[in-house]
Amino acid sequence: MKHRALLSILMLSLAGASSNAAEEPAIRAAIEKSLPLLERSSVIAIDERSNCFTCHHTGLPVMTFITARERGFKVDAVNLKTQLQFTADFLAKGRENYLAGKGQGGEALTAGSALWTLKLGGWRADANTEAVVAYLLAHQKDLDHWKPQSIRPPSEESPFSTTYFALEGMTHFGTDAQKERITQRTAQVRSWLLKTPAKDTEDRVFRLWSHHAIAADREIIQQSARDLLHTQRADGGWAQLESMTSDAYATATALVALHRTSSTTTNDPAFQRGVQWLLKAQLPDASWHVVSRSKPFQKHFESGYPHGKDQFISITAACWATTALALALPATH
């Protein structure tokens, strides 16, 4: 009986490995189609909005390009360098405001996301990143977490995502002189993270990221992962809200978080079903379409990504989706 059980486990493992190998050409094809569209749109966005760093057209494309490059895909090195420099220049222009505690539009979410982008790109700490950390330490210091300035679901709504990006940026770029305050602020935030329930997929995704960022007990991280996995739909995807159907944004953010926190492996059936959902959802033009739930308050511009008024959340979803698919492949360097 024991031998039969071991044999069953071995067969399941081999089946998973075989399935991954069989899907690799489809995954590679999907990524190779998506990358040029993301690169073109990220270039256009800088031309159209030269004074504004955005997560959807700069930060998340940087994440995607770096992950794809690690998996052996060719990316535009000049554009990647340009996106990182653009992010650094954006922070540099606001240095005085950061030191004065004023920040910029988007407050902690924008500041934290910009630092996170530079971290991904291997940017060295400097006087500008120090100023942003000082701002994050002072901003909303009377709260036990950071909250978004505006409510623009799904990516600008959750206090968990705002808190995660602020923590990551602050921890990575903090100076020796700032360490004590960072430790105190992190302890304050840790208490909030460990006691606060998640209400939707965005919360669950970034609560998992945040628990991992603060090095919570492994059981706590595993429980956060189980909470997220439990909401996977029968079709293999995730939905933003219980009342909605599966979409590329919720599915891809869930997969990336589960993978990056070592909560699942690429052979895990849940991860494989999520990858399958993303492959099926990619459109012939290489994009993914997600319908916006946010009320527009910024001037619209065409970024070169499809789907009109839905293009900002759609490119956001596409960055996460392309990253999730890349993570399903073995790293080459």
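In the predicted model, the count of aromatic pairs comes to nine. A pair of this kind is described by the distance between the ring centres and the angle between the ring planes. Tyr164 and Phe165 make up one such pair, with an edge-to-face arrangement in which the centres are 5.3 Å apart and the planes lie at 65°. Both members of this pair, Tyr164 and Phe165, are buried. Phe165 also pairs with Phe206; here the centres are separated by 5.6 Å and the planes meet at 50°, so the arrangement is tilted. Because Phe165 belongs to helix H7 and Phe206 to helix H9 (residues 201-213), this second pair ties together parts that are 41 residues apart in sequence. The relative accessible area of Phe165 is 7%, which places the residue in the buried class, and Phe206 is likewise counted as buried, at 2% relative accessibility. Tyr164, Phe165 and Phe206 are members of one aromatic cluster, which also includes Trp116, Trp209 and Trp320.

Helix H7, which carries Phe165, spans residues 159-173 and comprises 15 residues. From the first C-alpha of H7 to the last the distance is 21 Å, close to the 21 Å expected at 1.5 Å a residue. Of the 15 residues of H7, 13 are buried, so the helix is largely enclosed by the rest of the structure. The N-terminal end of H7 is capped by Ser158, a side-chain oxygen of which lies 3.0 Å from the backbone nitrogen of Phe160.

Two backbone features occur in the loop between helix H6 (127-138) and H7, where both Pro154 and Gln140 are found. Pro153 and Pro154 are joined by a cis peptide bond, with omega at about 0°. Gln140 is not a glycine, yet its phi is positive, at about 55°. With a relative accessibility of 16%, Gln140 counts as buried, because the limit for that class is under 20%. A positive phi near 55° is also found at Ala215, again a residue other than glycine. Ala215 is placed in the loop between H9 and helix H10 (218-229). The relative accessibility of Ala215 is 55%, so this residue counts as exposed, the class for values over 50%.

A contact between a charge and a ring is present as well: Arg185 lies over the face of Trp146, at 4.3 Å from the ring centre.

Internal space was examined next. Rolling a probe the size of a water molecule over the atoms shows where empty space is left. Two cavities of 30 Å³ or more are held within the structure. The largest cavity contains about 60 Å³ of space. Its lining is formed by Pro154, Glu157, Asp200, Thr201, Glu202, Val205, Gln240, Leu241, Tyr249, Ala250, Thr253 and Arg293. At least two residues of this lining are supplied by H9, and at least two by helix H11 (248-260). Pro154 thus appears in the lining of the largest cavity and also takes part in the cis peptide bond with Pro153.

Definitions and conventions: Residues numbered from 1 in each chain as written. Predicted model: local features only at pLDDT ≥ 70, side-chain atom pairs only at ≥ 80, totals over all residues. Heavy atoms only, no water. Helix = DSSP H or I, 4+ residues; strand = E, 2+ residues; numbered from the N terminus. Expected span 1.5 Å × (residues − 1). Buried < 20%, exposed > 50% of the residue type's maximum accessible area, 1.4 Å probe, protein only. Polar contact = N/O pair within 3.5 Å; in protein donor to acceptor, adjacent residues only side chain to side chain. Phe/Tyr/Trp six-rings, centres within 6.5 Å; stacked < 30°, edge-to-face > 60°. Lys NZ or Arg CZ within 6 Å of the ring centre and 35° of its normal. 1 Å grid on protein atoms, 1.4 Å probe; cavity = no way out; pocket = protein on both sides within 12 Å on 5 of 7 lines; lining within 4 Å. Points joined across faces, edges and corners; volume = space filled by probe spheres on them.
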